[in-house]
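This report concerns the predicted model shown below. The metal site is treated before the sheet and the helix pair.

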Amino acid sequence: MANEQARLKEIVSTLKENNLRITPQRLAIIKILAVSKGHPSVEQIYDQVKPDFPTTSLATVYKTVTMLKNLNEILELGFPEGGNRYDGNKPYPHPHMVCIRCKKIMDPDLASLKHLTDEAVRKTGYKIIDHRLDFFGLCPGCQKRE
Ligand SMILES: [Zn+2]
Ligand SMILES: [Zn+2]
């Protein structure tokens, strides 16, 4: 996992560079996304922010998340059944482990990813600019509960 404090500083400085205001609410949302524990959804971010900022609305969280996405400071993970999830800790393409039961999402550190990418380029001649690599299954916790 990338350094959380460093990510927080990076995101805040991007907002400053773009002359965007850093309100306490926005900062609270950014703090959650800089850690991105478990790749939160907008609803999960909202639930975490609300105790400290009771006036926050779900729409505010949506707007902030969309703004950060447009600034390329967070990665959006879309799923066909809805419920997009976000990673502001690693805002670049990387593989994910997705638990189909509890919806927990983790970042595996795969040494073979570079080889896989190189092989794909070599065999197809494509110039890669992005990738999506998701593994679906049961997390260790859910396996125990089987
Ligand atoms: Zn699970
Ligand atoms: Zn991730």
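H39 counts as buried, because its relative accessibility of 3% falls under the 20% limit. D107, at 24% relative accessibility, counts as partly exposed. Both residues belong to the coordination shell of the zinc ion (ligand 2), which also includes D87, H94 and H96, at 2.1 Å. The histidines H39, H94 and H96 bind through NE2, whereas the aspartates D87 and D107 bind through OD. Along the sequence, the donor residues follow the spacing H-x47-D-x6-H-x1-H-x10-D. H39 is located in the loop between α2 (24-35) and α3 (42-49), and D107 in the loop between β4 and α5 (113-124), so this pair ties together parts that are 68 residues apart in sequence.

The two donors compare as follows.

| Donor residue | Relative accessibility | Class |
|---|---|---|
| H39 | 3% | buried |
| D107 | 24% | partly exposed |

An open sheet of three strands is arranged in the order β4-β3-β5, with mixed pairing. Its edges are formed by β4 (105-106) and β5 (134-137); each has a single partner strand, so one side of each is left without a neighbour in the sheet. Four bridges join β3 (residues 96-99) to β5 in the parallel sense, and V98 has F136 in β5 as its bridge partner.

Helix α1 (residues 4-17) and α2 have axes that come within 8 Å and cross at roughly 135 degrees; the two helices are therefore oblique to each other. The crossing of α1 past α2 is right-handed. In this contact, E4, R7, L8, I11, V12 and L15 of α1 meet L27, I30, K31, A34 and V35 of α2.

Conventions. Residues are numbered from 1 along each chain as its sequence is written. Chains are lettered from A and ligands numbered from 1 in the order in which they are written. This is a predicted model: local features need pLDDT of at least 70, side-chain atom pairs count only at pLDDT 80 or more; totals for chains, interfaces and linings use all residues. Side-chain values use heavy atoms; hydrogens and water are left out. Two strands pair if DSSP finds at least two bridges between them. Donors are N, O and S atoms within 2.8 Å of the metal (3.2 Å for Na, K and Ca); water is not among the atoms, so sites may look incomplete. Buried means under 20% relative accessible area, exposed over 50%, partly exposed in between (1.4 Å probe, protein chains only). Axes are lines fitted to C-alpha atoms, for helices over the stretch in contact, and angles run from 0 to 180 degrees between N-to-C directions. Angles under 35 degrees count as roughly parallel, over 145 as roughly antiparallel, 65 to 115 as roughly perpendicular and the rest as oblique. A crossing is left-handed if the near helix is turned anticlockwise from the far one by less than a right angle, and right-handed if clockwise. Contact means heavy atoms within 4.5 Å.
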